[in-house]
Amino acid sequence: MLIDNHNRVINYVRLAVTDRCNLRCNYCMPEEGIAFARKDHLLSIPELKRLSRLLVAKGVDKIRITGGEPFVRKDLMSLLEYQASLEGLREISITTNATLIGPHIGTLEKLGIRSVNLSLDAIRPDTFARITRRDHFHTVYGNLMRLIDSKIDVRINFIVLKGQNEEDIYPMIEFQKEYPVSVRFLEEMPFNGGSRDFTKLHWDHRRILEHISERYPDFEKLPAPLTSTSVNYKIPGHRGSFGIIPSFSRTFCGSCNRLRVTATGDLITCLYGKPVANLRSPLRFAGEDRIVEDILVQAVGSRARDGFEAQDQFGPIFGSSMTSIGG
Ligand code: SAM
Ligand code: SF4
């Protein structure tokens with residue numbers, strides 16, 4: 001089992017399978033993209049399989065596949081099939097922009113993929129196009145509807161962006177009134193590859209909740225696991241629910257149970273800190289599994305207490321983009 005130096009059990013890993021993406025969300029990266037990693041620096045599928053096996057052997061029971069856009073990776077399904085066969089891996093979930101997921105929904109259901117987090121920061125096509133710099137709203141919306149009809153739990157991630165999508169907040173609440181989905185409103189974080197400059201957060205979690213309560217004053221707080229990053233609410237009579245993730249305010253760090261591995265194998269023990277090790281070489285070259293395991297144990301043994309300490313310890317990493325880190 002992986003237990004950190006603050007006595008927190010680490011059982012959740014976010015695995016970025018690529019840093020490439022077919023959208024250019026303006027809060028994530030610049031229009032021209034970022035300096036994407038060399039292809040041979042990305043972990044291969046056999047390396048990702050090996051890593052998954054080793055993580056599960058160390059007690060990880062939840063893996064989230066992220067990126068970049070996971071489905072731009074043509075060989076993704078082979079990884080998911082392997083992970084689904086791993087005894088001890090209780091939950092596999094995916095974070096996606098849902099542009100390319102359509103042909104795979106049936107297989108994902110069969111594999112028992114538990115949940116899909118769909119990033120959708122707009123409910124209107126023109127807002128979507130402005131934010132993502134691409135015209136794929138109708139594909140995404142169609143896939144959202146198909147996912148809602150499937151056995152997979154759907155959660156929508158909506159980043160509240162000053163001057164860009166505030167008018168879509170209430171329509172999003174109306175959406176979860178009609179459909180059984182959870183809509184989670186996120187604070188914007190300064191990980192955008194230099195695409196946008198901000199020092200002060202306009203839409204923090206308090207302001208988001210205040211705004212929602214002006215139109216929907218009757219909501220009740222839902223119970224949530226200690227490790228949850230979102231505070232969730234239900235409006236009586238609504239089929240879905242909504243939540244708020246204070247990703248910039250970082251009020252949830254105390255119970256953090258997660259590690260991140262980037263597409264190039266960087267191991268990140270806190271979203272707000274720099275990578276602490278790289279796993280690519282030990283995974284690439286057939287050596288003893290112990291080498292990888294020791295790196296994991298060592299990294300977990302010296303984690304920052306919270307995102308503020310990580311930021312102080314390693315220096316700000318706000319120049320990077322979420323497409324490299326995986327969110
Ligand atoms: N491409 C997939 C997607 O968009 O869902 C997966 C990767 S994306 C980097 C993972 C998550 O990070 C998404 O939910 C996205 O909204 C979030 N994200 C990206 N940039 C962000 C930022 N600057 N602040 C907050 N969240 C961000
Ligand atoms: Fe791509 Fe996801 Fe970043 Fe948008 S948030 S550019 S979909 S990686």
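User: How many nonpolar, polar and charged residues does the shell around ligand 1 have?

Analyst: This is a predicted model, by the way. In it, the shell has 6 nonpolar, 10 polar and 3 charged residues. There are 19 residues around ligand 1, and the closest are Tyr27, Gly68, Ser119, Met189 and Met322.

User: What makes the pair formed by Gly68 and ligand 1 a polar contact?

Analyst: Check the atoms and then the distance. A backbone N or O atom of Gly68 sits 3.1 Å from a nitrogen atom of ligand 1. The cut-off for a pair of N or O atoms is 3.5 Å, so this pair counts.

User: What about Glu69 and Thr96, how do you know that they make polar contacts with ligand 1?

Analyst: Same routine. For Glu69, a polar side-chain atom lies 3.2 Å from a nitrogen atom of the ligand. For Thr96, a polar backbone atom is 3.3 Å from an oxygen atom of ligand 1. Both pairs fall within 3.5 Å, so both qualify.

User: How much of ligand 1 does the protein cover?

Analyst: On its own, ligand 1 has 540 Å² of accessible area, and the protein covers 96% of that. Two elements give two or more residues each to the shell: β5 (91–96) and β7 (153–159).

User: Which residues surround ligand 2, and what makes each of them count?

Analyst: They are Cys21, Leu23, Cys25, Tyr27, Cys28, Met29, Gly68, Asn97 and Thr323. Each one counts because it has a heavy atom within 4 Å of the ligand. By class, that shell splits into 6 nonpolar, 3 polar and no charged residues.

User: Now the helices: how do α1 and α9 pack?

Analyst: Helix α1 (residues 45–57) and helix α9 (residues 289–300) meet at an angle of about 60°, and their axes are 11 Å apart. The crossing is right-handed. From α1, the contact uses Arg50, Arg53, Leu54 and Leu55, while α9 brings Asp289, Val292, Glu293 and Leu296. Those residues divide into 4 nonpolar, no polar and 4 charged.

User: Why is Ile295 said to touch Leu279?

Analyst: Ile295, which is in helix α9, has heavy atoms within 4.5 Å of Leu279, so the two are in contact. They are 16 residues apart in sequence, yet their C-alpha atoms are 7.9 Å apart. Ile295 also touches Leu267, Ala277 and Pro282.

Note on methods: Residues numbered from 1 in each chain as written. Chains lettered and ligands numbered in written order. Predicted model: local features only at pLDDT ≥ 70, side-chain atom pairs only at ≥ 80, totals over all residues. Heavy atoms only, no water. Nonpolar A, V, L, I, M, F, W, Y, C, P; charged D, E, K, R; others polar. Polar contact = N/O pair within 3.5 Å; in protein donor to acceptor, adjacent residues only side chain to side chain. Areas by Shrake-Rupley, 256 points an atom, 1.4 Å probe, with all protein chains shown as cover. Helix = DSSP H or I, 4+ residues; strand = E, 2+ residues; numbered from the N terminus. Axes fitted to C-alpha atoms, helices over the stretch in contact; angles between N-to-C directions. Left-handed = near helix turned anticlockwise from the far one by under 90°. Lists of a residue's contacts leave out its neighbours within four places in sequence.
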